[in-house]
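Take a moment with the sequence and the 3D view below. Then follow the text from one part to the next.

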Amino acid sequence: MARILPYLGTALINLFRKPSTEAFPKGEPPKAQPNYRGRLTYDAAKCINCGLCERVCAPNCMTRTQRPAPGGEPGDLEVTFTFDLTSCTFCGLCADFCSKKAIVLTDDYMMVGSEPQDFIVSGTFIKKAPPKPKYTPEQLAAMKAAAEAKKKAAAEKAAANPEQ
Ligand code: SF4
Ligand code: SF4
């Protein structure tokens with residue numbers, strides 16, 4: 001009995017202490033630590049489709065689909081980026097490499113869901129085709145002449161070296 005007396009005292013003191021753990025979900029969820037890398041967000045309006053994020057993602061958890069933009073001009077693309085957070089390691093490399101800050105790793109650590117879709121982050125934007133260059137008739141004639149001269153030189157070279 002004498003042996004357990006000190007422990008009994010500690011047990012009694014702890015009985016009336018405030019819990020060290022968080023009261024969540026009863027209270028406010030505790031804030032994440034600074035620089036915590038949680039749920040990823042993607043802002044398609046900022047994206048320029050450079051593809052760097054896709055290249056640096058080791059687990060390959062993002063997909064990019066491109067198709068002709070419905071109702072758009074010829075050459076316009078509809079681009080969709082999809083991030084699968086079940087494969088994401090939250091390394092943050094994609095956000096680090098994104099010069100447009102289109103990807104942000106937030107401090108949201110409560111990633112709970114019951115459907116695969118709950119862990120999908122996606123965004124779509126239209127990438128306009130670059131404007132067609134407008135050349136003057138003189139420029140067009142000069143380009144045509146240059147192309148023909150190049151073609152002629154290649155043909156002459158081939159004729160001079162039939163072995164090659
Ligand atoms: S790195 Fe940024 S701008 Fe480039 S494709 Fe990814 S999200 Fe878009
Ligand atoms: S945080 Fe890392 S693993 Fe997740 S999408 Fe970005 S690069 Fe890929």
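The paragraphs below go through a sheet, two loop residues, a ligand and a helix. Keep in mind that this is a predicted model.

Start with the sheet. It is open and has 3 strands, in the order β2-β3-β5. The pairing is antiparallel. Which strands form the edges? They are β2, residues 62-68, and β5, residues 120-127. Each of these two pairs on one side only. Neighbouring strands are turned by 15° against each other on average, if direction is ignored.

Now look at the pairings. β2 and β3 are joined by 7 bridges and run antiparallel. One place to find this pairing is T63, whose bridge partner in β3 is T82. On to the other pair. Strand β3, residues 77-84, pairs with β5 over 8 bridges, again in the antiparallel sense. Here T80 has T124 of β5 as its bridge partner. F83 stands opposite V121, which also belongs to β5. As you trace a strand, remember a general rule: in a regular strand, side chains alternate between the two faces of the sheet.

Next come two loop residues. F90 sits in the loop between β3 and α3, the latter spanning 93-97. Its phi is near 55°. That value is positive, and F90 is not a glycine. Is F90 buried, exposed or in between? It counts as partly exposed, because it has 15 C-beta neighbours inside 10 Å. The range for this class lies between the exposed limit of 12 or fewer and the buried limit of 20 or more.

K101 lies in the loop between α3 and β4, where β4 covers 103-105. K101 is not a glycine either, yet its phi is positive, at about 55°. K101 has 9 C-beta neighbours inside 10 Å, so it counts as exposed.

Turn to ligand 1. Which residues surround it? Among them are C47, I48, N49, C50, G51, L52 and C53. F97, C98, K100, A102 and I103 also belong to the surroundings. By class, this shell holds 9 nonpolar, 2 polar and 1 charged residues.

Finish with helix α4, residues 137-160. It has 24 residues. From its first C-alpha to its last it reaches 34 Å, close to the 34 Å expected at 1.5 Å a residue. How many of its residues are buried? The count is 0, and α4 is hardly covered. One general point helps when you view a helix: an α-helix has 3.6 residues a turn, so residues three or four places apart point the same way.

How values were computed. Residues are numbered from 1 along each chain as its sequence is written. Chains are lettered from A and ligands numbered from 1 in the order in which they are written. This is a predicted model: local features need pLDDT of at least 70, side-chain atom pairs count only at pLDDT 80 or more; totals for chains, interfaces and linings use all residues. Helices (H or I, at least four residues) and strands (E, at least two) are DSSP runs, numbered from the N terminus. The expected span of a helix is 1.5 Å times one less than its number of residues. A residue is near a molecule or strand if its C-beta atom, placed from the backbone, lies within 6 Å of it. Ala, Val, Leu, Ile, Met, Phe, Trp, Tyr, Cys and Pro count as nonpolar, Asp, Glu, Lys and Arg as charged, and the others, Gly among them, as polar. Two strands pair if DSSP finds at least two bridges between them. Axes are lines fitted to C-alpha atoms, for helices over the stretch in contact, and angles run from 0 to 180 degrees between N-to-C directions.
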